Amino acid sequence: LITAFDKTTGASILNRSMTGDNFPMALDEAGGRLFVATRSPPELRVLDTSTPSLRSVANVTIVGDPDDIFFDAARGLVYVSCGQGSLEVVRQADPAHYSVVQTIPTGQGARTSLLVPDLSSIFVAVPAGAGQPAEILPYRLGSVGASSASSTSVAPVPASASLSVSPQEGPSGLLVGL
């Protein structure tokens with residue numbers, strides 16, 4: 001169920017039933033789009049927020065177990081981190097058509113992520129498993145602008161700039177450094 005609220009009054013103005021076990025959502029307020037990732041079936045659903053019913057405008061198949069989703073207004077991209085082991089990058093062709101333009105392998109269970117626009121980066125957390133330690137994978141985002149396909153691509157940050165995580169240090173018990 002998705003509930004919409006009036007920003008001025010705080011009153012509920014819409015309840016829209018969804019199928020597919022929806023979980024993460026992101027909003028493109030300026031473009032009038034709500035992005036909702038579902039787990040069953042694994043899809044990115046695009047809803048039109050300018051219509052009172054939140055009309056569906058597109059469904060894009062993604063890999064399974066989506067957990068976090070971010071809309072990058074500067075690049076016009078949607079990033080979905082999926083626990084089946086990838087970061088999905090979705091681009092809008094026009095207001096009713098979207099497609100996956102890049103699937104970046106991350107790691108099994110790597111469903112938690114964080115977009116940091118000021119650093120032009122997205123970080124994906126990979127849990128420990130099968131003899132591998134937990135890690136945070138940093139990905140540098142391409143430059144802003146749509147003049148070429150590579151200008152909005154996501155590329156791994158060189159290993160020398162990878163993040164290190166030490167569970168015994170820092171005020172919160174966790175120290176993250178570049």
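Here is a walk through the structure, from the overall fold down to a few individual residues. Keep in mind that this is a predicted model.

Start with the secondary structure: the protein has 16 strands and zero helices. It runs to 178 residues, of which 40% count as buried. If you look at contacts with a sequence separation of 6 or more, 30% of them come from residues 24 or more positions apart.

Now go to the N-terminal end. Strands β1 and β2 run antiparallel and are joined by four bridges. One pairing to look for is I2, which stands opposite R16 in β2. The hairpin these two strands make has six residues between them, and G10 takes a positive phi near 80° there.

That brings us to the largest pocket, with a volume of about 390 Å³. Its lining counts 15 residues, and the ones nearest the centre are A4, F5, L27, T49 and L54. Strand β1 gives the largest share of that lining, four residues, while β1 (2-5), β2 (12-16) and β3 (22-28) each supply at least two. As for chemistry, the lining splits into ten nonpolar, three polar and two charged residues.

L54 deserves a second look. This residue sits in the loop between β5 and β6 (55-61), and its phi is positive, about 55°, although it is not a glycine. Is L54 buried or exposed? Its relative accessible area is 6%, under the 20% cut-off, so L54 is buried.

Compare that with S120, found in the loop between β11 (112-116) and β12 (121-126). S120 is another non-glycine residue with a positive phi, this one near 50°. With a relative accessible area of 23%, S120 falls between the 20% and 50% limits and therefore counts as partly exposed.

Another backbone detail turns up at P41, in the loop between β4 and β5 (42-48). The peptide bond leading from S40 to P41 is cis, with omega near 0°.

Finally, take R33, which belongs to strand β4 (residues 33-39). Despite its charged side chain, R33 counts as buried because its relative accessibility is 8%, under the 20% cut-off. What does the side chain of R33 join in a polar contact? The partner is the side chain of D48, at 3.3 Å. Leaving out residues up to four places away in sequence, R33 also touches a set of others, including L27 and T49, both of which we met among the residues nearest the centre of the largest pocket. Other contacts of R33 include V57, P95 and Y98.

Terms used: Residues are numbered from 1 along each chain as its sequence is written. This is a predicted model: local features need pLDDT of at least 70, side-chain atom pairs count only at pLDDT 80 or more; totals for chains, interfaces and linings use all residues. Side-chain values use heavy atoms; hydrogens and water are left out. Buried means under 20% relative accessible area, exposed over 50%, partly exposed in between (1.4 Å probe, protein chains only). A polar contact is a pair of N or O atoms within 3.5 Å; within protein, one must be able to donate a hydrogen and the other to accept it, and residues adjacent in sequence count only if both atoms are side-chain atoms. Contact means heavy atoms within 4.5 Å. On a 1 Å grid over the protein atoms alone, a cavity is a set of points where a 1.4 Å probe fits but cannot get out, and a pocket is an open set with protein on both sides within 12 Å along at least five of seven lines; lining residues have an atom within 4 Å of a point. Grid points are joined across faces, edges and corners, and a volume is the space filled by probe spheres set on the points. Two strands pair if DSSP finds at least two bridges between them.
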